[in-house]
Amino acid sequence: MRKKISIIFYSFIIIAIAAGCSASATATYHEKLAEGNELMNNMNFSEAIEIYDQIIDEILPGDDYETGRIAITNSLRAEAVNMLQRISVLEEGYNESLHLYSTMDGNVEAQVYRQLLQQLDGTMAQFGELTHLDMYKELADMKSSVEDMINNNVITFYSEQINTAIAEENLAMADQYLDQLNGFHNVLPDYVSEHTVVSLVDQVEELKSRYVFFPEVAVNWNKVILESERGTIETEGIMKTDSGFDLYIFYNDDYALQAGLMNVNPYLIFSDGQTASASSSSVRKYDNKTLQKISFRVNDRTYEDISRINVEIPSVQEDPFNLSFDGIDETNLVTIPGVRSIKALHRPEWVYETDDYDVHIDRFFVEDYKIEITGEIIPHNDVTVNQYSYIHLPKSGEVSRINSHGFWGPNEIELFEGTTRSFELVHNLNSPVTEFHTYIGLAMFEQLGWINLITGEKYTGDGPVNLNDINKDVSSDYEAYYDSRNEKDLINQSGELVDAASVIFRRGAFYSGNDYKFDLMDRFETFETIVHVQHGTHGVDNGSTEIVFKNEEGDILYTLDVEEDHSAYSLELDVSGVRELTITFNQRRGSEGRHNIIFEKPEFQ
């Protein structure tokens, strides 16, 4: 609808001519000029043109000043025509702006805002000196309203959504809204400032720095692959990516310990008969479950192309498990939890004292895949010290070694009484230190300790500690939770599953007198376990094994003979006062080989 327009229009030409010619003009001419002037002032240009035409056609013919007055009237008429055309253009821009504005709602794209703002700015610029018109004022109000929309529907809305995502530590949602807000900044830099975007980016990046593995979003697709007395292995979700698909599998209960050790091999089967095998796989450990993320690199495939997913688990059954892929809802999403990092700088001022030297630790830094330890060695005598250092992470089972023995023997340094020697040990890890790591085992300069990663203090612990969580120099002969070398679960001589939190010492890879050392540091009173022979390596054809337990002085604490007719043996060993426990396997080979020895749920208390 065309809005009523009001203006006081002043024509200085009319006023000047009327004043100069009034003596000779007729009353009718003066009346019509005044009428036309009033119509011009009221923006009734079409009616003013009619008046000027009437003057020229009906009043001025035969007038004494016909020529001059016609010229003046034509000039006024031209001005009215020009204003009529100008107002028509302004009305057209006004109406177009009004139409665009009327289509706006609370959720529009940046391009729509920009189009309307450009329309408003362009139309308002055409008004020139006519900024007092009602149309101009309404356009200015529209622009102010659009700016309020940008502030409320864009800046405020996305800021609130991003802050909510940060508070909930939902990185997927934070990134989604941040990308959208940055899109508005790119299109509307004068309204969505770089400062606004950067300040929110900084907050999101700070949140990301707390994580080793970010939370992820996937399409909910929950299928049980395997269920047994060990627990369940099941898919949690699947997600289409730029390069293919990501499949998320959770290992629950005992399977959480065996994830990454047992061979679980999924592959996609498409409706056209083509298949796709995994291109990469990663494992992340939580407190009581483990996630395996498996990526498939395939081009130009959609969810609709997948017919089913087969999963091979050779240790369980020969044929693959078949998972039908139907009824998936791409809008039904599930969040895959992230894993937070431990990032901390401690100034512990620990001291390890010996007769010949003291080790002072003044800095202990933990960050994702790195642990740094700095301090000083203060010798009391001239002495030679082994520089070998290792870190053991019980949660991941990783052992990091630096300054290990060289070709010519131990990596030693000479220390001299009255001097101080600084050191810095940097352990770069293959697996990250996460929120689920409580402590590490540390060996350096022939000193041993357990360190609390959260507090930076010496760790004493409480409750039973599994043998696999004790500092040790692990070799390939030893494995916890699962026999991955032979693709077998841990089964005893009677054909029964043992507790998953068990360890196996394999045959054939170790020989008579092979030692395994565990650093107890005088922390425990007893060691308890049930000793088995792995199924398939027992019997008369696999000989016998003598297991000897000794302390750091070489004193024998206990000897166990494992014969061909071995049955489950419950062992309870007094380890009070023992700093280093050595377990030696003396084997007598049979015609088929040697025993594989299993310690079921070996725990120190």
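Colleague: What makes strand β29 (residues 544-550) and strand β30 (residues 556-562) a pair?

Modeller: Two strands pair if DSSP finds at least two bridges between them; six bridges join β29 to β30, so the two count as paired. They run antiparallel, and Ile-547 stands opposite Leu-560 in β30. Strands here are DSSP runs of E with at least two residues, helices are runs of H or I with at least four, and both are numbered from the N terminus. This is a predicted model, in which local features need pLDDT of at least 70, side-chain atom pairs count only at pLDDT 80 or more, and totals for chains, interfaces and linings use all residues. Residues are numbered from 1 along each chain as its sequence is written, and side-chain values use heavy atoms, with hydrogens and water left out.

Colleague: What lies between β29 and β30?

Modeller: Five residues separate the strands of this hairpin. In the turn, Gly-554 has a positive phi of about 90°.

Colleague: Why is α7 described relative to α8 as it is, parallel or antiparallel?

Modeller: Helix α7 (residues 171-187) and helix α8 (residues 194-208) pack at an angle of about 165°, with axes 10 Å apart. That makes α7 roughly antiparallel to α8, because angles over 145 degrees count as roughly antiparallel, under 35 as roughly parallel, 65 to 115 as roughly perpendicular and the rest as oblique. Angles run from 0 to 180 degrees between N-to-C directions, and axes are lines fitted to C-alpha atoms, for helices over the stretch in contact.

Colleague: Which residues make the contact between α7 and α8?

Modeller: Contact means heavy atoms within 4.5 Å. Among the residues involved are Leu-171, Leu-178 and His-185 of α7, and Glu-194, Val-201 and Lys-208 of α8. The contact divides into nine nonpolar, two polar and three charged residues. Ala, Val, Leu, Ile, Met, Phe, Trp, Tyr, Cys and Pro count as nonpolar, Asp, Glu, Lys and Arg as charged, and the others, Gly among them, as polar.

Colleague: Why is α2 described relative to α4 as it is, parallel or antiparallel?

Modeller: Helix α2 (residues 27-41) and helix α4 (residues 66-102) pack at about 15°, with their axes 11 Å apart. That angle makes α2 roughly parallel to α4. Tyr-29, Leu-33 and Met-40 in α2 meet Arg-69, Thr-73, Leu-76, Glu-79 and Ala-80 in α4. By class, this contact has five nonpolar, one polar and two charged residues.

Colleague: What makes β6 and β10 edge strands?

Modeller: The open sheet has the order β6-β5-β9-β10, with antiparallel pairing. β6 (275-277) and β10 (321-324) each have a single partner strand, so one side of each is left without a neighbour in the sheet. The twist averages 25° from one strand to the next. Strand β9 (residues 306-312) is joined to β10 by four bridges, and Asn-310 stands opposite Asn-322 in β10.

Colleague: Which strands stand at the edges of the sheet with β18 and β22?

Modeller: That open sheet of four antiparallel strands has the order β19-β18-β22-β23, and β19 (398-402) and β23 (447-452) each pair on one side only. Within it, four bridges link strand β18 (residues 389-393) to strand β22 (residues 439-444).

Colleague: Where is confidence lowest in the chain?

Modeller: Confidence here is pLDDT, the predictor's score for each residue, from 0 to 100. It is lowest in helix α1 (residues 12-21), at a mean of 42, and highest in strand β4 (residues 244-252), at 97. The chain averages 86, and 92% of the residues score at least 70.
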